[in-house]
Amino acid sequence: MVSRRLQIFAITLMLFFCCRTLAQVKGNLVDDKGHFVNAHGAGVLYHNGTYYLFGEIKKGETWLVQGQQWEDYRVPAGGVSCYSSKDLKHWKYEGVALAPTKGDTSKDIDTSRVIERPKVIYNAKTKEYVMWMHVDKKDYSYSQSGVAISYKPAGPYRYLRSVKPNGNMARDMTVFQDDDGKAYLIYSSEQNKTMQVCLLSDDYLAPTKTFSRILIDRNREAPALFKSGGKYYLITSSCTGWSPNAATYAVADSPLGPYKEYGNPCQGPGAETTFEAQSTFVLPLKGKPGNFIFMADRWNKLDLPKSDYLWLPLKVDDGKVTVDGY
Ligand code: GAL
């Protein structure tokens, strides 16, 4: 009798773990080699019919940096990965696009530091692929934007330098390239209280003096900027570290603003935590005006390499942005 019960218990346990594994595979993106896509805080470059996905490589042990006011969970800075796809479904691993340096903590992209939210744009004039990213120290006191270049979309990229645009702090960031070829760096600044948008130089390698302060004293981060019907839409999160919160969006007639704030674009159960995720990028769907993919991270702060992704359809209808969770 006892052994029969034990048998049933063992089978139930086995089924439970099998189902859990399947659910995790479903929730994750898998590349052409069957490995989970390791590209967090990601961005996409669409170039000559191919999508290139770039993101933070998170691997190794997660640890808590002591003496911080917030839950500063970290993994070694693993550099930036690249994956390519023709259909957004099948992803080919292209390798490490930007490799971190090792053994010199004074270097911006040393494994002991922070490399987050890499975004790549192509400069048709210089024929260079330009990667911008947030580089920091593990206590986030450095607050700079780093830039790297390559002559091939998938890299390898050569790290150039980092800057504080016009002397200002730059943490969570994104890059936006407009139809007229102008490009902008958008970043959480002023101790994360206010965002800034800065026009980049023609070669995209440096900030210019043209910048604006937006979402003043609104404490926003995780910016994702996109254009629809001639207007500029900026999705951001609130500042709660790795823990999810409600997204909001803001709309402007120019990338530099001014931005008018609206509420949460997310709809349905879980909208108040952006479906347990945080924005990173909004990708336009080619040939489908008003249709986008909202790309977000589901952080697992206790085991950061296990962080997952959430990609949902985003629509802009008559100026209103909606992201439906299902
Ligand atoms: C989040 C931010 C992430 C990362 C994290 C560190 O708020 O969006 O990119 O910097 O904080 O705690």
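# Exercises on Cavities, Pockets and a Bound Ligand

The count of cavities of 30 Å³ or more comes to 2. The structure is a predicted model, and the exercises below concern its internal spaces, its ligand and some features of its backbone.

## Exercise 1. The largest cavity

Determine how much space lies in the largest cavity, which residues line it and which strands supply at least two residues of the lining.

*Solution.*

Step 1. The volume is stated: about 60 Å³ of space lies in the largest cavity.

Step 2. The lining is listed in order of sequence. It consists of Glu56, Ile57, Lys58, Arg74, Val75, Pro76, Ala77, Gly78, Gly79, Arg113, Val114 and Ile115.

Step 3. The lining is related to the strands. Strand 2 (50–58), strand 5 (77–85) and strand 7 each contribute at least two lining residues.

Step 4. The residues are sorted by class, which gives 6 nonpolar, 2 polar and 4 charged residues.

## Exercise 2. The second largest cavity

Identify which strand gives the most to the lining of the second largest cavity, and describe that lining by class.

*Solution.*

Step 1. The second largest cavity has a volume of about 50 Å³.

Step 2. Its lining is formed by Leu29, Ala39, Ala42, Leu53, Thr280, Met295, Ala296, Asp297, Tyr309 and Trp311.

Step 3. At least two lining residues come from each of strand 21 and strand 22 (308–317). Strand 21 gives the most, with 3 residues.

Step 4. By class, this lining has 8 nonpolar, 1 polar and 1 charged residues.

## Exercise 3. The largest pocket

State the volume of the largest pocket, and find which residues are closest to its centre.

*Solution.*

Step 1. The volume of the largest pocket is about 700 Å³.

Step 2. The pocket is lined by 33 residues, of which Phe176, Gln177, Asp179, Pro284 and Lys286 are the closest to its centre.

Step 3. Several strands each supply at least two residues of this lining, among them strand 1 (40–47), strand 11 (173–177) and strand 20 (278–284).

Step 4. The lining is divided by class into 18 nonpolar, 9 polar and 6 charged residues.

## Exercise 4. The ligand and its pocket

Locate the pocket in which the ligand sits, and describe the surroundings of the ligand.

*Solution.*

Step 1. The ligand sits in the second largest pocket, whose volume is about 450 Å³.

Step 2. This pocket has 21 lining residues, and the closest to its centre are Trp70, Tyr140, Asn192, Glu221 and Gly241. By class, the lining has 6 nonpolar, 7 polar and 8 charged residues.

Step 3. The residues around the ligand itself are Trp70, Glu116, Arg117, Tyr140, Asp172, Glu221, Gly241, Trp242 and Gln278. This shell has 3 nonpolar, 2 polar and 4 charged residues.

Step 4. Distances to oxygen atoms of the ligand are then considered. A polar side-chain atom of Glu221 is 2.2 Å from an oxygen atom of the ligand. For an N or O atom in the side chain of Arg117, the distance to a ligand oxygen is 2.9 Å. For an N or O atom in the side chain of Tyr140, the distance is 3.4 Å.

Step 5. The extent of burial is read from the areas: the ligand taken alone exposes 310 Å², and the protein buries 95% of that.

## Exercise 5. Backbone features

Find where the cis peptide bonds to Pro156 and Pro258 lie, and state the phi of Tyr140.

*Solution.*

Step 1. The general pattern is recalled: most peptide bonds are trans, and most residues other than glycine have a negative phi.

Step 2. Gly155 and Pro156 are joined by a cis peptide bond with omega of about 5 degrees. Pro156 belongs to the loop between strand 9 (144–150) and strand 10 (158–163).

Step 3. The peptide bond from Gly257 to Pro258 is also cis, with omega near 5 degrees. Pro258 is placed in the loop between strand 17 (248–252) and strand 18 (260–261).

Step 4. Tyr140 is not a glycine, yet its phi is positive, at about 65 degrees. Tyr140 is found in the loop between strand 8 (128–136) and strand 9, and it is one of the residues around the ligand.

Note on methods
Residues numbered from 1 in each chain as written. Predicted model: local features only at pLDDT ≥ 70, side-chain atom pairs only at ≥ 80, totals over all residues. Heavy atoms only, no water. Near = heavy atom within 4 Å. Polar contact = N/O pair within 3.5 Å; in protein donor to acceptor, adjacent residues only side chain to side chain. Areas by Shrake-Rupley, 256 points an atom, 1.4 Å probe, with all protein chains shown as cover. 1 Å grid on protein atoms, 1.4 Å probe; cavity = no way out; pocket = protein on both sides within 12 Å on 5 of 7 lines; lining within 4 Å. Sits in = over half its atoms within 2 Å of the grid points. Nonpolar A, V, L, I, M, F, W, Y, C, P; charged D, E, K, R; others polar. Points joined across faces, edges and corners; volume = space filled by probe spheres on them. Helix = DSSP H or I, 4+ residues; strand = E, 2+ residues; numbered from the N terminus.
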